Amino acid sequence: MSAQKILQSAVEAALSDFDVSNVAPETLQVVAASNPQFGDYQWNGALPLAKALKQKPRDIATRVLERLDVSAISESPEIAGPGFLNFRLKTSWLESALDHARLDDRLGVEKAEHPERFVVDFSSPNVAKPMHVGHIRSTIIGAAIVRMLRFQGHEVVSDNHIGDWGTAFGKIIVGWKSELDEANLAADPIGEMERLYQLINERGKADSSVEDAARLETAKLQAGDEENLAIWRQVRDLSQQQFDQIYARLDVSFDETLGESFYNPRLPGLVDELIERGLARESDGAIAVFSDGQGDPKDDPFLISRDGEWTDFPALIRKSDGAALYATTDLATLEHRIQTWHPDEIVYVTDARQAGHFRQVFAAFRRWMPEEKVRLSHVAFGTILGEDKTPLKTREGGTVKLVALLDEAQERALAVVREKSPDLNEEAAQNIARVVGVSAVKYADLSQNRASDYVFSWDKMLALSGNSAVYLLYAFARVQSIFRRGRERGVDVSVDAPRLVEPAEIELGKCLLRFNEALTASLRDYRLNTMTDYVYELAGAFSAFFRDCPVLTAPDEVRASRLALCDLTARTLQQALLLLGIHTLDQM
RNA sequence: GCGUUUGUAGCUCAGUGGAUAGAGCGUCUGCCUCCGGAGCAGAAGGUCGCAAGUUCGAUCCUUGCCAAGCGCACCA
């Protein structure tokens, strides 16, 4: 059990004589100390409790302390300041907890007490288009969320809701039938499909008959025209091959790939059902969901203030031409996921600009299926900006393609590897550059608070120093090299229970035991940068240990203990990085 | 205009209803007879956008203002 939990239950037991009914439970939690000089954990509950009971905080703290038995885990707790209770973990407890962790495949991380089922919706590229920088955050953050939830013991369905339907297909089909360049399609399918779309799109702007033709092809496709369906299938398959190549490079996979087309048959009936239920009605020829007039207009996603008046801001679910919209598809998708998987929570990893859309979809869903208890979470993230603080573009002003971005990351990583490790053979250097490049891209993204926009910087991403993927991979490689060097020199590298003597050993040991807390904190509100912060801290704690505590030259007993710390550090780094989707290297 | 996100060190960013607000980069100073210096240690650098309020305590919560990004029905 984690130190926090042990201390927490001890405090709760000591509080049994107090009337805590007027105190918010979260203020009675044992928390990590705000400053190492106060120890490892602190309990601040005496202050709110004193307030509720109209007593002095230090008196409360004293009485709690009298009833508190934490002698197994903590040195004698101290009352400090206005009534804080400070705990310092006993070295003996740290040693036994570390011994337990190192003998455990899960490194001492407990599984969730109540495993739940999650559906995580992320990545969602569009067919017939190259994946670009706009897909990278969703893909990386989503994949990390899936891994972390699974590691906690939850059941997760990852679902790639690809954009494989819609009016754009009319234009592609028109182009496909009249302008298809077979040779180019074979060489660069995505490029050719994109070219066809852009070509017809341009012609349509000048010539309305081209627009009409595209609409006709869209209608035929939707009506089940065999020729158009065959083209559509081919476009989709070729696109999926591209997605799969990129996902392989990123080491991302999905349990399901149910695109928009999958839900298409359900849409007309869904709209009719919402109309019949009185949730949607006609407006200017379209069908839309309006406010139900419940609650504060400010919190109502179907109202907007115009010229000082609250006016309707409905969610459209059917256009005046009869076609469905993405709110419609999202509602059908919700229905399908609930009926198929009965999840406790559905997580949408999309950019922050869609927040308004999801507010409407979630609100409409609650009115449609009021009995459903599923939690709906929009994990929103900011935009990736260029050095000029505007959304990242190529020098020519186009979107940055994901393939090009990963290629460049790899090339730049290769230059670094060649510079720092000129002795490596070509194959090893390439392999290291591949891992370092992808890791740098992932880490730069994950280490940022997802809510904020961030400025994309190659220099920062592949920085040789500081908080970057390179630093972490280097730390891991250094741990591994201790074992490798030991074997080369014929040193006994067997491990034994860790003993903590030097300050650097104690700090490293404490840091290793915080992995569980980092995981929990990271999944709360899906702020994954909490986990990157932890990994960075752990790498730093190891670096200090590496400097202060020689391993291979230490006496047998000390060496076995320090090797145990090295082993646990390596495995914890590896596991934490893997949760983030980053693979380690034994040598770099 | 309304909604929403953001505003913290020179730059890029973390962070929390609690005690002295942190890191990286940059600047300055140290550390290689020692397991990987792609490292470590230290210094300098802050009215936490502004102002009220709630609170024993606010950078964090509330409200107002200022500034920026984003969104605002027949694209997704």
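Which of the 68 residues around RNA strand B come nearest? The legends below start there, in a model that is predicted.

**Figure 1. Protein residues gather around RNA strand B.**
Lys51, Glu260, Lys319, Arg478 and Arg547 come nearest to the strand, out of 68 residues around it. On the RNA side, sugar and phosphate make up 62% of the strand B atoms that come within 4 Å of the protein. Three side chains give a good look at the phosphates. Serine 481 has a polar side-chain atom 2.7 Å from a phosphate oxygen of RNA strand B. For arginine 478, an N or O atom of the side chain sits 2.8 Å from a phosphate oxygen of the strand. Arginine 527 also has a side-chain N or O atom by a phosphate oxygen of RNA strand B, with 3.0 Å between them. Several elements give two or more residues to the surface near the strand, including helix H2 (46–53), strand E4 (84–87), strand E9 (303–306) and helix H15 (402–420). Strand E15 (454–455), helix H18 (469–488) and helix H21 are also on that list. H18 supplies the largest share of this surface, with 9 residues.

**Figure 2. Two arginines lie over the faces of phenylalanine rings.**
Arginine 478, which we just met beside a phosphate oxygen of RNA strand B, also lies over the face of phenylalanine 546, at 4.4 Å from the ring centre. Elsewhere in the sequence, arginine 106 lies over the face of phenylalanine 151, and here the distance to the ring centre is 4.5 Å.

**Figure 3. A step back shows chain A as a whole.**
Chain A has 588 residues, and 49% of them count as buried. Its secondary structure comes to 22 helices and 15 strands. Along the principal axes, the C-alpha trace spans about 85 × 70 × 40 Å. Take the contacts in chain A with a separation of 6 or more: 73% of them are between residues 24 or more positions apart.

**Figure 4. The largest nonpolar core has 146 residues.**
If you want landmarks, try Trp43, Val120 and Met531, the residues with the most contacts inside this core. Helix H16 (residues 426–446) gives the core its largest share, 11 residues. Zoom in on tryptophan 43 and, leaving aside its neighbours within four places in sequence, you'll find it in contact with Val11, Leu15, Leu28, Gln29, Val30, Val64, Gly83, Phe84, Leu85 and Phe87. Another core lies apart from the largest one; it has 32 residues, among them Leu279, Phe365, Trp368 and Leu376.

**Figure 5. Leucine 270 is buried in helix H12.**
Helix H12 covers residues 267–276, and leucine 270 has a relative accessible area of 0%. Not counting residues up to four places away in sequence, leucine 270 touches Thr328, Leu331, Ala332 and Trp368. Threonine 328 is 58 residues away along the chain, yet its C-alpha atom and that of leucine 270 are separated by 7.8 Å.

**Figure 6. Aromatic rings pair up at 13 places in the structure.**
Start with tyrosine 348 and phenylalanine 358: their ring centres are 4.9 Å apart and their planes are at 45°, so this pair is tilted. Tyrosine 348 belongs to strand E12 (residues 345–351) and phenylalanine 358 to helix H14 (residues 355–368), so the pair ties together parts that are 10 residues apart in sequence. Tyrosine 348 is buried, at 3% relative accessible area, and phenylalanine 358 is buried too, at 4%. The rings of phenylalanine 542 and phenylalanine 545 make another tilted pair, with centres 5.9 Å apart and planes at 40°. Both of these phenylalanines lie in helix H21 (residues 529–548), 3 residues apart, which is about one turn of the helix. Phenylalanine 542 and phenylalanine 545 are both buried. In another view, ring pairs join Phe122, Tyr247 and Phe254 into a cluster.

**Figure 7. Serine 124 and alanine 128 have positive phi values.**
Neither residue is a glycine. Phi is near 50° for serine 124 and about 65° for alanine 128. Serine 124 is in the loop between strand E5 (117–121) and helix H5 (136–151), and alanine 128 is also in the loop between E5 and H5. Are they buried or partly exposed? Serine 124 counts as partly exposed, at 24% relative accessibility, whereas alanine 128 counts as buried, at 3%.

Conventions: Residues numbered from 1 in each chain as written. Chains lettered and ligands numbered in written order. Predicted model: local features only at pLDDT ≥ 70, side-chain atom pairs only at ≥ 80, totals over all residues. Heavy atoms only, no water. Core = buried A, V, L, I, M, F, W, Y, C linked by side-chain atoms within 4.5 Å. Buried < 20%, exposed > 50% of the residue type's maximum accessible area, 1.4 Å probe, protein only. Helix = DSSP H or I, 4+ residues; strand = E, 2+ residues; numbered from the N terminus. Contact = heavy atoms within 4.5 Å. Phe/Tyr/Trp six-rings, centres within 6.5 Å; stacked < 30°, edge-to-face > 60°. Lys NZ or Arg CZ within 6 Å of the ring centre and 35° of its normal. Near = heavy atom within 4 Å. Polar contact = N/O pair within 3.5 Å; in protein donor to acceptor, adjacent residues only side chain to side chain.
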